[in-house]
Amino acid sequence: MAFLAPALASASALQTASMAFSAFSAVMTIKQGMDTKKAYKTRAEYAELEGRVEAVKAKEQGTEQLKNTIRALASVSATAYAGGLEPTIGTPQDIGTFNVLNPGINDFITSKDNEAIALSSAAGKAADLRAAGNKAMTGALISAGTSLASTGMQLSSIGEPGSYMVSGYTDNKGLGVA
C-alpha cells in the first residue's frame with residue numbers, strides 16, 4: 001500500500017477519514033466472516049454429536065431386538081417342551097426359525113443399517129456446514145479486499161487530471177473523440 005502514501009499526504013481530512021472508515025469496515029467484515037465460520041464449525045460439531053446420539057439409539061434398538069428374539073425363541077422352546085414335543089426338530093424348530101429368528105435378525109440388521117446411516121448423514125451434514133463456513137470466510141475476505149482496493153483506487157487518483165478534453169481531438173488518455 002506504498003502507493004497510498006503520496007495520495008494520503010495530499011488528501012483532505014475527509015478523504016483520509018474515508019480511507020480510515022473503509023479500513024475499519026474491511027476489518028469488521030473479516031471479523032464477521034471469522035465469527036460466521038466459527039458458528040458454522042460449532043453447528044457442524046453439534047451435527048456430528050446428534051449423529052452419534054442417533055447411532056447409539058439405533059444400536060440400542062438392535063440390542064433390544066436381539067433380546068426380544070431370544071425371549072421369543074425361549075418361549076417357543078418352552079411351549080413345545082411343555083406340549084411334549086422336541087423343541088429342536090420339526091414344527092417347533094420351523095416356528096422358531098421362520099416366525100421368530102428370521103424377523104428378529106432382519107430387525108437387528110435394519111438397526112445396524114440405521115446406525116450407519118445416522119453416522120454418515122451426520123458426517124455429510126457436518127462437512128456441508130464446514131464448507132459453508134469456509135465460503136463465508138472467503139466471501140468476507142473478498143468483500144474486504146474489494147472495499148480496500150476501491151477506496152485505494154479512489155485515493156490514488158487524487159490530483160490526476162479528470163477525463164475531460166485536453167486538445168481538440170483526443171482526451172487526456174490519448175483516446176480519439178467522436
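Let me start with Gln32, which is exposed, at a relative accessible area of 53%. The cut-off for exposed is over 50%, so Gln32 passes it with its 53%. This glutamine lies in helix H2. Please keep in mind that we are looking at a predicted model. Along the chain, Gln32 and Ala140 are 108 residues apart, yet their C-alpha atoms are separated by 7.4 Å.

So what sort of fold brings such residues together? Let's look at the whole chain. Its secondary structure comes to three helices and zero strands, and from the N terminus on the elements run α-α-α. There are 178 residues in the chain, and 20% of them count as buried. Now, for those of you who like contact maps: among contacts in the chain with a separation of 6 or more, 73% are between residues 24 or more positions apart.

On to the two helices I want to talk about. In general, two packed helices are described by the angle between their axes and the distance between the axes. Here, helix H2 covers residues 13-82 and helix H3 covers residues 90-156, and they pack at an angle of about 180° with their axes 9 Å apart. That angle makes H2 roughly antiparallel to H3. And which residues make up the contact? By class, the contact of H2 with H3 has 33 nonpolar, 21 polar and 12 charged residues.

Let me take each helix in turn. H2 has 70 residues, and from its first C-alpha to its last it reaches 102 Å. At 1.5 Å a residue we would expect 104 Å, so the model's value is close to that. After H2 comes Gly84, which has a positive phi, near 85°.

Then H3. How far apart are its end C-alpha atoms? They are 96 Å apart, and since the 67 residues of H3 should span 99 Å at 1.5 Å a residue, the two values agree. H3 does have a bend, though: about 35° at Leu101, with a proline, Pro103, following within four residues.

Now let's walk along the pair, residue by residue. Ser18 lies in helix H2. Is Ser18 buried, exposed or partly exposed? Its relative accessible area is 36%, so Ser18 is partly exposed. Its partner for this talk is Leu155, which is found in helix H3. Leu155 has a relative accessible area of 4%, so this leucine is buried. The two are 137 residues apart in sequence, and 9.3 Å apart in space, C-alpha to C-alpha.

My last stop is Ala55, also found in helix H2. Ala55 is at 5% relative accessibility; buried means under 20%, so Ala55 counts as buried. Which residues does Ala55 touch, if we do not count those up to four places away in sequence? They are Glu115, Ala118 and Leu119. There is also Ala116: the C-alpha atoms of Ala55 and Ala116 are separated by 7.0 Å, with their positions 61 residues apart along the chain.

To pull that together, here are the three pairs again, for anyone who wants to click through them on the screen:

- Ser18 and Leu155, with C-alpha atoms 9.3 Å apart
- Gln32 and Ala140, with C-alpha atoms separated by 7.4 Å
- Ala55 and Ala116, with C-alpha atoms separated by 7.0 Å

And the frame that holds the story is H2 running roughly antiparallel to H3, with their axes 9 Å apart. Thanks, everyone!

How values were computed
Residues numbered from 1 in each chain as written. Predicted model: local features only at pLDDT ≥ 70, side-chain atom pairs only at ≥ 80, totals over all residues. Heavy atoms only, no water. Axes fitted to C-alpha atoms, helices over the stretch in contact; angles between N-to-C directions. Helix = DSSP H or I, 4+ residues; strand = E, 2+ residues; numbered from the N terminus. Parallel < 35°, antiparallel > 145°, perpendicular 65-115°, else oblique. Nonpolar A, V, L, I, M, F, W, Y, C, P; charged D, E, K, R; others polar. Bend = angle between axes of the 7 residues up to and from the residue. Buried < 20%, exposed > 50% of the residue type's maximum accessible area, 1.4 Å probe, protein only. Contact = heavy atoms within 4.5 Å.
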